[in-house]
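Colleague: Show me the model, please. I want to ask what stands behind each label.

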Amino acid sequence: MTEREEKRARVRALLTGAGDTIALRDPANLAWYLGGARVHVVGGVSEAICEVAVGAEDEELRTTVIEAPRLAAEELGTGAPRLRAVPWWEPLGPDAGASDRPRPGERDVAAGLVAARGALVPEEVARFRLLGRQTAAAAGAALRAAAPDETELALAGRAARELLEREIDPVVLLVAGEERLPRHRHPLPTGAPLGARAMLVVCGRRHGLICSVTRMRAFTPLRPPERATYDGLLAVEAAALDATRPGARIGDVVNAIAAAYPAHGFAADEWHQHHQGGPTGYAPRDYLASPAADALVRDAQAFAWNPSGGGFKVEDTVLATADGVEVLSPDPEWPTVAYGGRQRPDVLA
């Protein structure tokens, strides 16, 4: 079964009968269903430029006359749904039986579609591996070129350039220097100088897939308490990665993370201060995993866990397999430290 055939079958499994239709409107689901097509113009807006109506026997991609030429020429491959262009001032299509962005009277299938796209097909895994390596390389190159007297915004700009030069869209760019690191878990970059410490967080998107990476740099040697903090986070991450196996309950992975914090020198409620990550793929996180998450880890499902504390964070995008997680975002140019039987990114000094 081809990638398109597999995805059509997964969506059609959500239909309730021969006359039912599902309208895909969520950008993440559209990018997944269309094999990585760019279905946005304004990257930070949650609305797509098209929708796809899927029925038991037919499917149709609806967009405006503005977007149809680019989609047809540059985004849609062989076997894509039939394309219909409408005037830009008209609705894309009539109501459907169900949707991931339901209108009044439509059945909500958002959760079903998140589950449908959870297990990646081999073609997606191959694309994700290349994206992961190049996203990590972009983050590493940007941070290696940083200097203590440059601003957080300058580092963010360099990271954006490194990503775009690799044909990767910057979806998230977070930067904190020495003063802001202890204060903010989601540090949007400012004009403050980096100082002695710097963190760069990137989420890069290509072919619809999104890879999350965090890297840390110290321009002066780490003090012993800082070294202990970072090593403690590596231990927390190791607990997350060890628990991320097909068939495991995702809420139990979060429980393992929560238990690892106090076991490695952190407050018992450290995990309350920031989300710990969760399933990923066509969104930075499909949802934020919590102890209440009953879904099971699937084979070939991507995750990004991000333990943090004390001004440090550890994060890579990984793939769950029966043999353990595969790190999708390694960087051979970045210093590593052996932890939990894996080579994990160290703080660049």
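Modeller: Start with a salt bridge. The side chains of Arg344 and Glu237 meet in one, at 2.7 Å from N to O.

Colleague: What makes the contact between Arg344 and Glu237 a salt bridge?

Modeller: The term asks for a side-chain nitrogen of Lys or Arg within 4 Å of a carboxyl oxygen of Asp or Glu. The N to O distance here is 2.7 Å, so the pair is within the 4 Å limit. Arg344 lies in strand β17 (residues 342-345) and Glu237 in helix α7 (residues 224-243), so the salt bridge ties together parts that are 107 residues apart in sequence. Helices (H or I, at least four residues) and strands (E, at least two) are DSSP runs, numbered from the N terminus.

Colleague: Before we go on, what kind of model is this?

Modeller: The model is predicted: local features need pLDDT of at least 70, side-chain atom pairs count only at pLDDT 80 or more, and totals for chains, interfaces and linings use all residues. Residues are numbered from 1 along each chain as its sequence is written, and side-chain values use heavy atoms, with hydrogens and water left out.

Colleague: Why is Arg344 called buried?

Modeller: Buried means under 20% relative accessible area, exposed means over 50%, and partly exposed is in between (1.4 Å probe, protein chains only). Arg344 has 2%, so Arg344 is buried. Glu237 has 3%, so Glu237 is buried too.

Colleague: What about Asp169 and Arg205, whose side chains also meet in a salt bridge?

Modeller: Their N to O distance is 3.9 Å. That is still within 4 Å, so the label holds. The pair links distant parts of the chain: Asp169 is in strand β7, Arg205 is in strand β8 (residues 197-206), and 36 residues separate them. Asp169 has 24% relative accessibility, so Asp169 counts as partly exposed. Arg205 has 18%, so Arg205 is buried.

Colleague: Where do Arg10 and Glu6 lie?

Modeller: Both are in helix α1 (residues 3-12), four residues apart, about one turn of the helix. They form a salt bridge, with the closest N and O atoms 2.7 Å apart. Arg10 counts as buried because its relative accessibility is 17%. Glu6, at 24%, therefore counts as partly exposed.

Colleague: How many salt bridges does the structure hold?

Modeller: The structure holds 40 salt bridges.

Colleague: Next, the rings. Why is the pair of Tyr261 and Phe266 called edge-to-face?

Modeller: Rings of Phe, Tyr and Trp (its six-membered ring) pair if their centres lie within 6.5 Å; planes under 30 degrees apart count as stacked, over 60 as edge-to-face and the rest as tilted. The centres of Tyr261 and Phe266 are 5.5 Å apart and the planes are at 85 degrees, so this pair is edge-to-face. Tyr261 and Phe266 are both buried.

Colleague: And what is the label for Trp32 and Tyr33?

Modeller: Tilted: the rings are 6.1 Å apart centre to centre, with 55 degrees between the planes. Trp32 is buried, at 0% relative accessible area. Tyr33 also counts as buried, at 4%. The structure holds five aromatic pairs.

Colleague: How do you know that β14 pairs with strand β11 (residues 302-305)?

Modeller: Two strands pair if DSSP finds at least two bridges between them. β11 and β14 have four bridges, in the antiparallel sense. Trp305 stands opposite Asp316, and Ala302 has Leu319 as its bridge partner.

Colleague: What joins β14 to strand β15 (residues 326-327)?

Modeller: Two antiparallel bridges, so the minimum of at least two is met. Leu319 stands opposite Glu326. The two strands form a hairpin with six residues between them, and Gly324 in the turn has a positive phi of about 110 degrees.

Colleague: What is the strand order of the open sheet?

Modeller: The order is β10-β11-β14-β15, with antiparallel pairing. The edge strands are β10 (277-280) and β15, as each pairs on one side only.

Colleague: What makes both faces of β14 count as covered?

Modeller: Asp316 and Val318 are buried on one side of β14, and Thr317 and Leu319 are buried on the other.

Colleague: Last one. Is Gln273 buried or partly exposed?

Modeller: Gln273 has a relative accessible area of 45%, so Gln273 is partly exposed. Gln273 lies in the loop between α8 (250-263) and β10.
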